[in-house]
Amino acid sequence: YYEGEKGAERFVRMVFADGAVAHYEGESGAEWKVCVEFTKGNVHYYEGERGEGERGAERLVRMKFADGEVQHYEGEQGAERVVREEYPDGNVQYYEGEKGAERMVRVESANGNVHYYE
């Protein structure tokens, strides 16, 4: 979907065959993906060089799941790795390592206990 005056239309939304919807921001020719909403309630959030580079160069920064879990990511596009998971019960898990090789290093429980892992 596009919005804007004729000749200055900007890309704002893409609807996929499975029902997922990607949302974009930015001026015409410099749009970037900000999030994708999936039909089961999950949402993926992205950041990138706004107005610079090409569409599709955004990196994943957060995934919010329908059950309330939130995963936080760091790293360049294609190498995003999980660094933290927050759960609805208040527990938070922290991770270190490269994409695909992340390992849990700490858990902060909702009751105040902190567990460390090596």
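**Strand pairing, core and side-chain contacts**

Strand S8 (residues 70–74) runs antiparallel to strand S9 (residues 81–86), and five bridges join the two. The model described here is predicted. Within this pairing, Val70 has Glu86 of S9 as its bridge partner. Six residues lie between the strands in the hairpin of S8 and S9, where Gly75 adopts a positive phi near 120 degrees. S9 also pairs with strand S10 (residues 92–96), again in the antiparallel sense, over three bridges. Here the bridge partner of Glu86 in S10 is Val92. The hairpin of S9 and S10 has five residues between the strands, and Gly90 in this hairpin takes a positive phi near 100 degrees. Glu86 thus has bridge partners in both pairings, Val70 and Val92.

Five salt bridges are present in the structure. One of them involves Glu86, which is joined to Arg84 with the closest N and O atoms 3.0 Å apart. Glu86 has a relative accessibility of 27% and counts as partly exposed; Arg84 is likewise partly exposed, at 25%. Another salt bridge links the side chains of Arg81 and Glu74, with an N to O distance of 3.8 Å. Arg81 is partly exposed, its relative accessible area being 22%, and Glu74 is partly exposed at 42%. A further salt bridge is formed between Arg106 and Glu108, at 3.2 Å from N to O. The relative accessible area of Arg106 is 24%, a partly exposed value, and that of Glu108 is 27%, also partly exposed.

In soluble globular proteins, nonpolar side chains tend to be buried together. The largest nonpolar core of the model comprises 11 residues: Phe11, Ala20, Ala22, Tyr24, Val36, Tyr46, Leu60, Met63, Tyr73, Val82 and Tyr95. S4 and strand S7 (59–64) are the elements that contribute two or more residues to this core. Ala20, a member of the core, is in contact with Met14, Val15, Val36, Glu37, Phe38 and Thr39 when neighbours within four places in sequence are left aside.

The structure contains one aromatic pair. Its rings belong to Phe11 and Tyr24; their centres are 4.6 Å apart and their planes stand at 45 degrees, so the pair is classed as tilted. Phe11 is in strand S2 (residues 10–11) and Tyr24 is in strand S4 (residues 21–25), so the pair ties together parts that are 13 residues apart in sequence. Both residues belong to the largest nonpolar core. Phe11 is buried, at 6% relative accessibility, and Tyr24 is buried with a relative accessible area of 11%.

Two further tyrosine rings have an arginine placed over them. The charged end of Arg13 sits over the ring of Tyr1, at 4.4 Å from the ring centre. Arg62 lies over the face of Tyr45, with 4.1 Å to the centre of the ring.

Arg62 is also among the contacts of His44, a residue located in strand S6 (residues 43–47). His44 counts as buried, with 16% relative accessibility. Apart from neighbours within four places in sequence, His44 is in contact with Val34, Cys35, Val36, Phe38, Leu60, Arg62 and Met63. Of these contacts, Val36, Leu60 and Met63 are members of the largest nonpolar core.

Terms used:
Residues numbered from 1 in each chain as written. Predicted model: local features only at pLDDT ≥ 70, side-chain atom pairs only at ≥ 80, totals over all residues. Heavy atoms only, no water. Phe/Tyr/Trp six-rings, centres within 6.5 Å; stacked < 30°, edge-to-face > 60°. Helix = DSSP H or I, 4+ residues; strand = E, 2+ residues; numbered from the N terminus. Buried < 20%, exposed > 50% of the residue type's maximum accessible area, 1.4 Å probe, protein only. Lys NZ or Arg CZ within 6 Å of the ring centre and 35° of its normal. Core = buried A, V, L, I, M, F, W, Y, C linked by side-chain atoms within 4.5 Å. Contact = heavy atoms within 4.5 Å. Salt bridge = Lys/Arg side-chain N within 4 Å of Asp/Glu carboxyl O. Pairing = 2+ DSSP bridges.
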